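Student: I have a model open and want to go through it piece by piece. Can we start with the parts to be careful about?

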Amino acid sequence: MDHEKIFREGLFKIYETNKRVLIPKEEYYKIISDLLEVSKTSKKTPHQYYILKKYEVLQCGDINRLIRRSQHEEETPLYFISIEETYEVVKRGHIATGHGGQDKMVHELSKKYANITIEALTVFKNLCVECQRKRKRAATKGIVVKPIISKDFNSRAQVDLIDNP
Ligand SMILES: [Zn+2]
């Protein structure tokens, strides 16, 4: 079972219902080339105004990355990532937080990334074998512990009946 594939398909399903946050790879590079085009045109289209307000291109070595347009110069860049890249990034965040839950992961990932959604984290966590195992262990414990207590309680009650005629 390929977790990355399942994750990506899950994200594309979310993308189908809301196209404002998640960005497929193809669209990601289209936005970058559109942004680079903007400077060459004198009259801007509404689309160009929209992407100019939202994004900025940051050159990292010979790779162009999409970042959130910052309001202040000194702001640390918040990176947009494509749907195709999200699995690796979320995986790294999940491991870095020691299989952290939603809150820990949001805290960790929102420092650096602009478009990782809560739904994406949920999809990921449901796929994590280690987290599933932990959940299963907790569930099994709950089931096992209960009968032992009630059995113990019953046998003690029986002893009491015998001892006090
Ligand atoms: Zn995990």
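Tutor: Residues 155–165 have pLDDT under 50 throughout, and the model has zero contacts for them beyond four places in sequence. Here pLDDT is the predictor's confidence in each residue, from 0 to 100, and two residues are in contact if their C-beta atoms, placed from the backbone, lie within 7 Å. This is a predicted model: local features need pLDDT of at least 70, side-chain atom pairs count only at pLDDT 80 or more, and totals for chains, interfaces and linings use all residues. Residues are numbered from 1 along each chain as its sequence is written.

Student: Where is confidence lowest and where is it highest?

Tutor: Helix 7 (residues 129–163) is lowest, at a mean of 62, and helix 4 (residues 83–96) is highest, at 97. Over residues 145–151 the pLDDT is below 50, and that stretch has zero contacts beyond near neighbours in sequence. Where pLDDT is low, the predicted coordinates should not be read in detail.

Student: What is the mean pLDDT of the protein?

Tutor: The mean is 86, with 84% of residues at 70 or more.

Student: OK, topology. How many helices and strands?

Tutor: Seven helices and two strands. From the N terminus the order is α-α-α-β-β-α-α-α-α. Helices (H or I, at least four residues) and strands (E, at least two) are DSSP runs, numbered from the N terminus.

Student: How do strand 1 and strand 2 run?

Tutor: Strand 1 (residues 55–60) and strand 2 (residues 63–68) are antiparallel, joined by six bridges; strands pair if DSSP finds at least two bridges between them. One of the bridge pairs is Q59 with N64 of strand 2. The hairpin has two residues between the strands, and G61 there has a positive phi near 65 degrees.

Student: Back to helix 4. At what angle does it pack with helix 5?

Tutor: About 115 degrees, with the axes of helix 4 and helix 5 (residues 102–109) 9 Å apart. Axes are lines fitted to C-alpha atoms, for helices over the stretch in contact, and angles run from 0 to 180 degrees between N-to-C directions.

Student: Which residues make the contact?

Tutor: G93, H94 and A96 on helix 4, and M105, E108 and L109 on helix 5.

Student: And the loop between helix 4 and helix 5: where does G100 fit in?

Tutor: G100 lies in that loop, between helix 4 and helix 5. Leaving out residues up to four places away in sequence, G100 touches H94, M105 and E108. The C-alpha atoms of G100 and K125 are 9.1 Å apart, with 25 residues separating the two along the chain.

Student: Why is G100 classed as partly exposed?

Tutor: Because 19 other C-beta atoms lie within 10 Å. A residue is buried if 20 or more other C-beta atoms lie within 10 Å of its own, exposed if 12 or fewer, and partly exposed in between, with C-beta atoms placed from the backbone.

Student: What about H99?

Tutor: H99 is in the loop between helix 4 and helix 5 too. H99 is partly exposed because it has 14 other C-beta atoms within 10 Å. Phi of H99 is positive, near 55 degrees, in a residue other than glycine.

Student: Last one: what share of the protein is buried?

Tutor: Of its 165 residues, 13% count as buried.
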